[in-house]
Amino acid sequence: MINIATTYMGLELKSPIIVGSSGITEHLDNLVAAEKAGAGAVILKSLFEEQILMDVDAERVNNMYGTYANEEAYALYYSRKNHVDSYLKLISDAKMAIDIPVIASINCISDGEWSFFAKKMQEAGADALELNMFILPSDPEVDSQEIEETYLRIIANIQKEVQIPVSVKIGHYFTDFARFAKKLSQTGIQGMGLFNRFYSPDVDLEKEKIISTHIYSNPDENAMVLRWAGILSPLLDCDISASTGIHNGDAVIKNLLVGAQSVQLASILYTKGLGLITEMNERLKKWMEEKEYQNLSDFRGKLSMKQIAKPMLYERSQFMKYFSDSGRK
């Protein structure tokens with residue numbers, strides 16, 4: 001019998017497909033539908049560090065003055081606090097409504113006093129916590145070591161607050177990504193998401209303003225994930241969850257083959273619906289049956305950089321190979 005169950009961060013997943021952090025996962029009915037469709041886990045929409053700090057500031061003001069100067073100030077406090085409390089309620093409601101792992105998410109960029117909130121997520125019932133971190137190296141006055149140390153401090157502060165598994169979802173903007181990814185994996189985190197995705201800037205010529213474009217991922221973006229998952233999977237001391245550009249069952253299989261423990265979907269679910277998860281699971285099972293694999297462990301990582309005969313295919317030489325095989329003289 002074909003078994004597509006796996007583990008990620010020590011959590012038992014009935015499928016390697018995780019519904020990634022997005023607007024989809026901020027609604028309880030979508031979480032229930034995701035489980036019904038066959039998802040292995042869900043990652044709730046990220047609560048931003050700034051939102052948590054709003055709550056911290058509101059509490060501080062309230063404790064300092066004992067009351068609010070006017071109704072407008074109170075309304076502002078309530079809206080901020082209500083947003084944070086609603087997140088905790090979503091965690092607890094989800095844990096009562098579904099049986100698959102519920103992973104909370106915080107989008108953070110600094111090692112501030114917001115980290116205490118991670119403990120509240122744990123107390124609300126979250127099975128794990130994903131830290132969605134990205135610090136764009138755009139300031140020439142800040143060197144790479146300083147940026148890396150910020151990541152490490154954030155992780156250290158969070159680990160003081162919680163006992164549940166912690167994963168880090170990061171981008172690839174690092175001076176020596178393989179070395180730093182390895183260092184991150186040695187901090188005690190149990191998972192690493194490759195990669196978080198950002199809105200791309202564009203220019204509206206008519207209005208002469210910066211706008212966002214490419215809201216959804218496209219399949220081409222998965223190439224970067226495949227490369228780094230294949231390179232890093234034999235090296236890291238934590239699980240890898242592949243994210244970005246995974247739009248069909250074949251892409252799920254490819255990411256598992258290079259070493260990912262799980263995959264995360266978001267963009268494609270907006271356009272195709274949660275029912276696509278069922279189709280992807282069926283495609284995975286059919287392929288495994290054709291290849292005579294019984295479990296994901298039978299082939300996961302089979303095409304990682306460490307396992308293939310020509311590991312240089314993961315590196316720049318593949319560009320030269322493309323042209324050498326193109327018939328050019």
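The chain has eleven helices and 13 strands, where helices (H or I, at least four residues) and strands (E, at least two) are DSSP runs numbered from the N terminus. This is a predicted model, in which local features need pLDDT of at least 70, side-chain atom pairs count only at pLDDT 80 or more, and totals for chains, interfaces and linings use all residues. Residues are numbered from 1 along each chain as its sequence is written, and side-chain values use heavy atoms, with hydrogens and water left out.

**Exercise 1. Determine where the model should not be read in detail.**

Solution. Step one concerns pLDDT, the predictor's confidence in each residue, from 0 to 100. The chain averages 87, and 87% of the residues score at least 70. Step two turns to residues 60-80, where pLDDT stays under 50. Where pLDDT is low, the predicted coordinates should not be read in detail.

**Exercise 2. Compare the expected span of helix α5 with the distance between its end C-alpha atoms.**

Solution. The expected span is 1.5 Å times one less than the number of residues. Helix α5 covers residues 144-161, which are 18 residues, so 26 Å is expected. The end C-alpha atoms are 27 Å apart, which agrees. At the N-terminal end, Asp 143 caps α5: one of its side-chain oxygens lies 3.2 Å from the backbone nitrogen of Gln 145.

**Exercise 3. Establish how the buried residues of α5 are arranged about its axis.**

Solution. Buried means under 20% relative accessible area, exposed over 50%, and partly exposed in between (1.4 Å probe, protein chains only). The buried residues of α5 are Ile 147, Glu 148, Thr 150, Tyr 151, Ile 154, Ile 155 and Ile 158. Seen down the axis of α5, these residues fall within an arc of 150°, so they line one face of the helix; the arc is that of the directions from the helix axis to the C-beta atoms. Gln 145 and Lys 160, on the other side of α5, are exposed. The cover over the buried residues includes β6 (102-108), α4 (117-124), β7 (128-133), β8 (166-170) and α6 (177-185).

**Exercise 4. Classify Thr 150 as buried or exposed, and state which residues it touches.**

Solution. Thr 150 belongs to helix α5. Its relative accessibility is 12%, so Thr 150 counts as buried. Leaving aside residues up to four places away in sequence, Thr 150 touches Ile 109, Ser 110 and Ile 135, contact meaning heavy atoms within 4.5 Å.

Note on methods:
A polar contact is a pair of N or O atoms within 3.5 Å; within protein, one must be able to donate a hydrogen and the other to accept it, and residues adjacent in sequence count only if both atoms are side-chain atoms.
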